[in-house]
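This report describes a single protein chain, working from its pockets to its cores and sheet. The sequence and structure are shown first.

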Amino acid sequence: MYLGNLMEVGPTEQLFQNPENPYTRALLSAIPEPDPTAQVDRITLPGSPPSPRDPPEGCPFATRCPVRIRPEDIEASDEVWDRIREFRDVIRERSRAEQSIGERLKERLGFDTALADSEEIVDEEFSDVDLPSDVRGHVEQAAAYLSDGEPDAARAYLREVFGSQCDTETPQYYDVGDRRMSFCHRHAQEHVSPGDELRQRGYDTHDG
């Protein structure tokens, strides 16, 4: 269960032997292996769980999913996509957070905290990666919204340009065999399955 949603349902033995949902796979990969010589590829989930009071639109697991569907019109490396996710996380938290006492004090003293913060955030997230020109343009536009004091607009813009159905549509439960149902868009016929996508992104899933 994740944010109150059952992510995969089925017989216990099948869930442990052959998990299908990305969240189930990540959860089970964290179980300690009693054999110290065993090679286990942990699926480390990025970030932290969203607040139940402000859950993500679309799939509840979208903000941390290791096989989140990406928009087809943007070509970028896995590393760049990881940085985009981190950037979106920062903007999401910024749009939720109340302005701190320190920021209010700086504003009274005449400091442009929003602009400074946006420049620092972009520099910290992207200074050491080679961004495609279209990605850089989108990042700069989001930073401009942030510097104008509009974190909600920045958040919406990033969702529009970097999001997919994972961000906008609640998944349905898909029959994945062995009397199991999985709550994930990747089980639709038009998408690569969660297991295959994990392998494409460098995880050894040990399926089969």
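## Second largest pocket

Eighteen residues, given here as 18, line the second largest pocket, and those nearest its centre are Cys 65, Pro 66, Arg 70, Asp 82 and Arg 201. The model is a predicted one. The volume of the second largest pocket is about 380 Å³.

Helix H3 gives the largest share of this lining, with six residues. Sorted by class, the lining of the second largest pocket consists of nine nonpolar, eight charged and one polar residue.

## Overall make-up

The protein contains nine helices and three strands. Read from the N terminus, the order of elements is β-α-α-α-α-α-α-α-α-β-β-α.

Of the 208 residues, 41% count as buried. Among the contacts in the protein with a separation of 6 or more, 61% join residues 24 or more positions apart.

## Nonpolar cores

The largest nonpolar core has 21 residues, and Ile 84, Phe 87, Phe 126, Val 135 and Phe 162 have the most contacts inside it. Four helices each supply at least two residues of this core: H3 (78-96), H5 (113-126), H6 (133-147) and H7 (151-162). Leaving aside residues up to four places away in sequence, Val 135 touches Ile 74, Val 80, Ile 84 and Phe 162.

A second core, separate from the largest, has 14 residues, including Tyr 2, Ala 26, Cys 65 and Val 67. Cys 65 is thus named both in this second core and among the residues nearest the centre of the second largest pocket. In soluble globular proteins, nonpolar side chains tend to be buried together.

## Cavity

The structure holds one cavity of 30 Å³ or more. The volume of the largest cavity is about 90 Å³. It is lined by 15 residues, of which Cys 59, Cys 65, Cys 166, Cys 184 and His 185 are the closest to its centre.

The lining of the largest cavity is made up of 11 nonpolar, two polar and two charged residues. Cys 65 appears again here, as one of the residues closest to the cavity centre.

## Sheet and hairpin

The three strands form an open sheet with the order E1-E3-E2 and antiparallel pairing. Strand E1 (8-9) and strand E2 (173-177) are the edge strands, and each pairs on one side only.

Four bridges join E2 to strand E3 (residues 180-183) in the antiparallel sense. Asp 175 is placed opposite Met 181 of E3, and Tyr 174 has Ser 182 of E3 as its bridge partner. The hairpin of E2 and E3 has two residues between the strands, and Asp 178 in this hairpin takes a positive phi near 55°.

## Gly 47

Gly 47 is located in the loop between helix H2 (22-29) and H3. Is this glycine buried or exposed? Gly 47 counts as exposed because its relative accessible area is 51%, and the cut-off for exposed is over 50%.

Arg 85 lies 38 residues from Gly 47 along the chain, with a separation of 9.0 Å between the two C-alpha atoms. Not counting residues up to four places away in sequence, Gly 47 touches Arg 64, Arg 85 and Asp 89.

Methods: Residues numbered from 1 in each chain as written. Predicted model: local features only at pLDDT ≥ 70, side-chain atom pairs only at ≥ 80, totals over all residues. Heavy atoms only, no water. Pairing = 2+ DSSP bridges. Core = buried A, V, L, I, M, F, W, Y, C linked by side-chain atoms within 4.5 Å. Buried < 20%, exposed > 50% of the residue type's maximum accessible area, 1.4 Å probe, protein only. Contact = heavy atoms within 4.5 Å. 1 Å grid on protein atoms, 1.4 Å probe; cavity = no way out; pocket = protein on both sides within 12 Å on 5 of 7 lines; lining within 4 Å. Points joined across faces, edges and corners; volume = space filled by probe spheres on them. Nonpolar A, V, L, I, M, F, W, Y, C, P; charged D, E, K, R; others polar.
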